[in-house]
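Please open the model in a viewer and colour it by chain. The tour below proceeds by selections, each followed by what is to be found there.

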Protein chains: 2
Amino acid sequence: MPQGQPSVVPDDGLTTRQRRNRPLLAVHTGVGKGKSTAAFGLALRAWNQGWPIGVFQFVKSAKWRVGEERALRVLGASGEGGTVAWHKMGEGWSWVQRDIESSEEAAREGWEQVRRDLAAETYRLYVLDEFTYPMHWGWVDTDEVVETLRNRPGTQHVVITGRNAPEALLDAADLVTEMAKVKHPMDTGQKGQRGIEW
Amino acid sequence: MPQGQPSVVPDDGLTTRQRRNRPLLAVHTGVGKGKSTAAFGLALRAWNQGWPIGVFQFVKSAKWRVGEERALRVLGASGEGGTVAWHKMGEGWSWVQRDIESSEEAAREGWEQVRRDLAAETYRLYVLDEFTYPMHWGWVDTDEVVETLRNRPGTQHVVITGRNAPEALLDAADLVTEMAKVKHPMDTGQKGQRGIEW
């Protein structure tokens with residue numbers, strides 16, 4: 001998409017530079033493909049800027065994101081760009097020392113760590129992959145998430161992906177993209193394939 | 001997105017394995033963000049599979065894709081996954097030895113190279129970034145593109161990004177995602193920022 005010009009010049013007392021570097025909350029939602037892939041594509045830009053990146057994968061699956069994870073780990077270890085910390089719910093969050101009984105508890109533990117990292121300004125970009133679901137299911141309180149994100153210190157960008165993004169989250173977001181399914185191979189009987197779906 | 005089950009089991013005489021490995025033509029279109037970023041996210045999966053990847057960037061801009069390009073070059077050179085060949089219209093296609101007068105001619109030269117590479121099965125994934133525009137503007141003949149893609153040999157996946165994807169291309173595609181803009185920071189006067197837009 002061309003960079004373009006803003007359609008409104010806001011009367012907020014900020015300089016262009018200040019406004020330009022405002023922390024962004026982006027949400028990729030909808031039932032189409034590309035919500036998470038676009039978030040990881042964004043992580044490539046952040047890596048190129050030398051930013052520390054924190055990925056929190058709020059899904060449990062052996063196959064999901066294996067390609068993205070390996071690529072971002074190689075990039076993070078290359079010493080040429082930013083660092084990458086990859087946290088996976090499926091294997092138990094690494095910072096949790098005891099067994100977690102339920103996915104609900106695991107999701108809450110993940111969010112608590114995100115909160116701590118936001119407070120400590122640990123990362124410059126947070127990818128909260130599939131994080132809409134714990135909110136949608138009521139496992140994590142959406143109002144608390146919104147409140148925390150609104151008040152986060154410094155310049156920390158946050159991208160949240162997944163279907164069924166709660167309205168309050170969309171209201172709080174600076175950038176919302178809906179990935180709409182126009183046509184999908186599964187409609188004609190094709191199953192997911194390696195290199196494409198994972 | 002969960003892998004899910006196909007909603008129809010087709011009567012095409014193919015085994016699941018054959019069907020599963022069919023070459024895909026994907027189109028990311030619409031006015032929202034994430035069309036190209038999702039394509040480059042897909043490239044991470046292809047890289048993880050060890051596939052040769054060819055990127056053809058049909059745009060002219062100093063800033064566009066700098067992060068993605070650097071990241072994919074580092075990955076391609078890491079020796080851990082697939083290779084990456086990055087072709088940029090903005091700097092003149094590297095295989096063209098003379099000066100190119102116009103963007104129109106440059107776009108056509110790019111497409112001719114894609115055709116040669118498809119015939120030679122040079123890559124396993126092609127990212128034809130912003131390639132909808134040369135078709136939309138009539139610089140490259142859409143019917144010829146569709147015909148070439150329909151008849152491409154082997155298992156070569158192709159992802160085409162950009163707004164205004166021609167109808168005939170959408171008809172030929174296996175997977176079409178429309179990135180719809182729900183909310184964008186430029187609406188409230190914010191300009192693009194480093195690490196997010198490039």
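Two residues are in contact here when they have heavy atoms within 4.5 Å of each other. The model is a predicted one, and the tour concerns the place where chain A and chain B meet.

**The two sides.** Select every residue of chain B in contact with chain A: there are 75, and they face 75 residues of chain A. Of the interface residues of chain B, 100% are also interface residues in chain A, so the copies meet through the same surface. The area buried between the two chains is about 7,300 Å², with 56% given by carbon and sulfur atoms.

**The axis.** Next, superpose chain B on chain A. A turn of 180° with a shift of 0.0 Å along the axis lays chain B on chain A with an RMSD of 0.0 Å. This is the relation of a two-fold axis. To locate the axis on chain B, select Ala38(B), whose C-alpha is the nearest to the axis in that chain, at 1.9 Å.

**Polar and charged pairs.** Now display side chains across the interface. Between chain B and chain A there are 14 residue pairs in polar contact, both residues being at pLDDT 80 or more. The elements giving two or more residues to the side of chain B that touches chain A are helices H1 (16-20), H2 (35-48), H3 (66-77) and H7 (167-172), together with strand E6 (175-183), of chain B. Select H2(B) among them: this helix supplies the largest share of that side, 10 residues. Coloured by class, the side of chain B that touches chain A shows 31 nonpolar, 23 polar and 21 charged residues.

How many salt bridges are there between chain B and chain A? The count is two. For one of the salt bridges between the chains, select Glu68(B) and Arg45(A), whose closest N and O atoms are 2.7 Å apart.

**The strands that cross the interface.** Select strand E6 (residues 175-183) of chain A along with E6(B): the two run antiparallel and are joined by seven bridges. Within this pairing, Met179(A) has Met179(B) as its bridge partner, and Ala180(A) stands opposite Glu178(B).

**Onward within chain B.** Finally, add strand E1 (residues 25-29) of chain B to the selection. Which sense, parallel or antiparallel, does the pairing of E1 of chain B with E6(B) take? The two strands pair in the parallel sense, over four bridges. His28(B) may be picked out here, with Thr177(B) in E6(B) as its bridge partner.

Terms used
Residues are numbered from 1 along each chain as its sequence is written. Chains are lettered from A and ligands numbered from 1 in the order in which they are written. This is a predicted model: local features need pLDDT of at least 70, side-chain atom pairs count only at pLDDT 80 or more; totals for chains, interfaces and linings use all residues. Side-chain values use heavy atoms; hydrogens and water are left out. Buried area is the accessible area (1.4 Å probe) that two parts lose on being put together, summed over both. A salt bridge is a side-chain nitrogen of Lys or Arg within 4 Å of a carboxyl oxygen of Asp or Glu. A polar contact is a pair of N or O atoms within 3.5 Å; within protein, one must be able to donate a hydrogen and the other to accept it, and residues adjacent in sequence count only if both atoms are side-chain atoms. Ala, Val, Leu, Ile, Met, Phe, Trp, Tyr, Cys and Pro count as nonpolar, Asp, Glu, Lys and Arg as charged, and the others, Gly among them, as polar. Two strands pair if DSSP finds at least two bridges between them. Copies are superposed by least squares on the C-alpha atoms of residues with pLDDT of at least 70 in both.
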